[in-house]
Structure formats: structure tokens, C-alpha cells
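Work through the following exercises with the sequence and the three-dimensional picture side by side. Try each task before you read its solution.

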Amino acid sequence: MSKLRILYVASEINPFLKTSDVADFVRKLPQAMQERGMEIRILVPRFGLINERKNRLHEVVRLSGINIAVGDEEKPLIIKVASIPTAKLQVYFIDNEDYFQRKYVFHDKENRFYDDNDERAIFFCKGVLETVKKLGWAPDIVHCNDWMTALIPLYLKTTYKNDPMFKDTKSVFTVYNNSFDHRFEGDIIEKARMMDIDDSMLAELKSADFEGFVRIGCAYADAVVRAEEESSESLNAILNDLPEHKFDVDEDVTERYFNLYTQLAG
């Protein structure tokens, strides 16, 4: 049996950036899976807090240069890469001057939520899949973490479903308690649209908020995981409606994910 290929997608990873538990999870689980013989790639945004010199990021010219559409606008995608010093893991960084070269992550220095965080998420999700195509590396599983990655399961089931790189790919969506109260303005459905996607498929996004992103990730992922036992009321309302084969994690997280990946890959 060939090695399973697992792509991890998240908003952050230690040691490059940590603002929540996502960073620790995405640091530990890929290494654990690699040690079990799986082939791993990791993709995160290159937020401005990440020190390129200190972390030895460098641009991958052969992967850069694609334009990603967000609504009517197209913005250039820049890909950078670095290694985790204590592990044999490479991390690829999605970058764009307009969206990611700021000194803060999701809030400005006055702690105001960025109005364009929806566009940043959409650009990131589309950029991830285009980067994987350029890598020429077909993942068996794409493991999406937190709301910022929520559109990837939808795109895999629609725009990319007939692409040879993704035709057998399954997705996992892990939900965290990283909610926000902001409601996005503008036509979020127009921004998120891609080929082979009807507006009805994006209906969950009409709320233009955290729950909308989580609901669409849950609707299209092949498996959904609750990262913490204790969730907010609104998250519980979403997660409690899911089919029974979707599960809460227990203490043996590594074993549980290993079995899930193997099962999904068939």
C-alpha cells in the first residue's frame, strides 16, 4: 500500500505563529502521522507577524504567480516555504501583499476585526488548492482546521471534483471555539463563487458570519470533528445536527485521526 498523503490546512502553526490551540494541534498531529508513515504537506497564511528572516522563509518562484479571483478582483498569489527545525516537516505559506502583510492577524491594533477577513479566507482557500495543483501532489485527505479553511470542502466537491489531482480526495473539517461576532458586508457569495458552484450551494454563507463559515464546512466535509468537548451554544446547535458517523475527539487524538484518515481513504 502506498503512503497516505495528508494535506493540513490551518490559519496558524507553531513555531511560526500561535494565537490559539489550532497552532499546537497543527504542529503535533502532522508529525505524529508522518511518524506513522504518512506523507505530509502543511499550508498556512503568511501573516505579517511571522518573521521571515528569523524563520527562514523563502519564496518558491515556481509556485508563485497565479492570480486568485475574489469576486471581481484578481490578486496575485505568492508562495513561501520554511521547515520546522525540530521535525522533517515543510510548511508552505500563502501570501499576498493586500491581505497578509499586516502586523496583526484578524484584528487591528485597536482590536477591531478586519472587515476583509472574509476575503482573506476566500483567497486563502482558493490559493491552497491552486498551490497543491502546482505542486503536482495529489492528497488523499485534506484536513481543514477552523473557520478560515471552511470553503475548501465545498470547492473539492464542486470546482475541483473532476481535477485529476483531487478526484479521490476526501476532506476533514475540525471545528474550534474561535468564534467572532462580526458580520461581513458586501456580497460574500459573489466573492466565494467558483466554477460549477450554484448560489444555493453557498446559501449557508448568507449569514455572513462565523456560523456561516462553519456551517458550510460541516455541510461539505466528509468528516467533521469537534476540537473541544465544550462548545458555545451556537456551535453545539450546528454540531449536534450532524450525522452520527461524525465524532468528538477523545484523549487518544492521534489514534482516532489515524483511523479516520485510513477509513476515509478506503
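Two strands are said to pair if DSSP finds at least two bridges between them, and the elements themselves, helices (H or I, at least four residues) and strands (E, at least two), are DSSP runs numbered from the N terminus. The model is a predicted one, in which local features need pLDDT of at least 70 and side-chain atom pairs count only at pLDDT 80 or more, while totals for chains, interfaces and linings use all residues. Residues are numbered from 1 along each chain as its sequence is written, and side-chain values use heavy atoms, with hydrogens and water left out.

**Exercise 1. Find the strands that pair with E2, and describe how the chain travels from E1 to E2.**

Step 1. Begin with strand E1 (residues 5-9), which pairs with E2 in the parallel sense over five bridges; within this pairing, Val9 has Leu43 of E2 as its bridge partner.

Step 2. Follow the chain from E1 through H1 to E2, a β-α-β crossover that is right-handed, a word used when, with the strands pointing away from the viewer, the path from the first strand over the helix to the second runs clockwise.

Step 3. Turn to strand E6 (residues 89-95), which also pairs with E2 in the parallel sense, here over four bridges; Pro45 has Ile94 in E6 as its bridge partner.

Step 4. Ask how covered E2 is, taking buried as under 20% relative accessible area, exposed as over 50% and partly exposed as in between (1.4 Å probe, protein chains only). Five of the seven residues of E2 are buried, and the strand is mostly covered.

**Exercise 2. Locate the salt bridge of Arg36 and decide which parts of the chain the pair ties together.**

Step 1. Recall that a salt bridge is a side-chain nitrogen of Lys or Arg within 4 Å of a carboxyl oxygen of Asp or Glu; a search of the whole structure finds 19 of them.

Step 2. The side chain of Arg36 meets that of Glu255, with 2.7 Å from N to O. Because Arg36 lies in the loop between helix H1 (21-35) and strand E2 (39-45), while Glu255 lies in helix H9 (residues 253-265), the pair ties together parts that are 219 residues apart in sequence.

Step 3. Check the surroundings of both residues: Arg36 is partly exposed at 37% relative accessible area, and Glu255 is partly exposed at 29%.

Step 4. Compare this with a second pair, Glu52 and Lys80, whose side chains meet at 2.6 Å, N to O. Glu52 is in helix H2 (residues 52-55) and Lys80 in strand E5 (residues 73-84), 28 residues apart. Glu52 is partly exposed at 25%, whereas Lys80 is buried at 10%. Both residues belong to a network of salt bridges that also links Arg46 and Asp95.

**Exercise 3. Explain why Cys125 is in no disulfide.**

Step 1. A disulfide is counted here as a pair of cysteine sulfur atoms within 2.5 Å, and the search of the whole structure finds zero.

Step 2. The closest cysteine sulfur to that of Cys125 belongs to Cys144 and is 7.1 Å away, which is too far for a bond. For Cys218, which is in no disulfide either, the nearest cysteine sulfur is again that of Cys144, at 11 Å.

Step 3. Add the accessibility: Cys125 is buried at 1%, and Cys218 is buried at 4%.

**Exercise 4. Identify the unusual backbone angles at Pro15, Asp146 and Ala208.**

Step 1. Keep the background in mind: most residues other than glycine have a negative phi, and most peptide bonds are trans.

Step 2. Asn14 and Pro15 are joined by a cis peptide bond, with omega about 5°, and Pro15 is found in the loop between E1 and H1.

Step 3. Asp146 has a positive phi of about 80° although it is not a glycine; this residue sits in the loop between strand E7 (141-145) and helix H5 (152-157) and is buried at 4%.

Step 4. Ala208 has a positive phi near 55°, lies in the loop between helix H6 (188-192) and helix H7 (210-220), and is buried at 4%.
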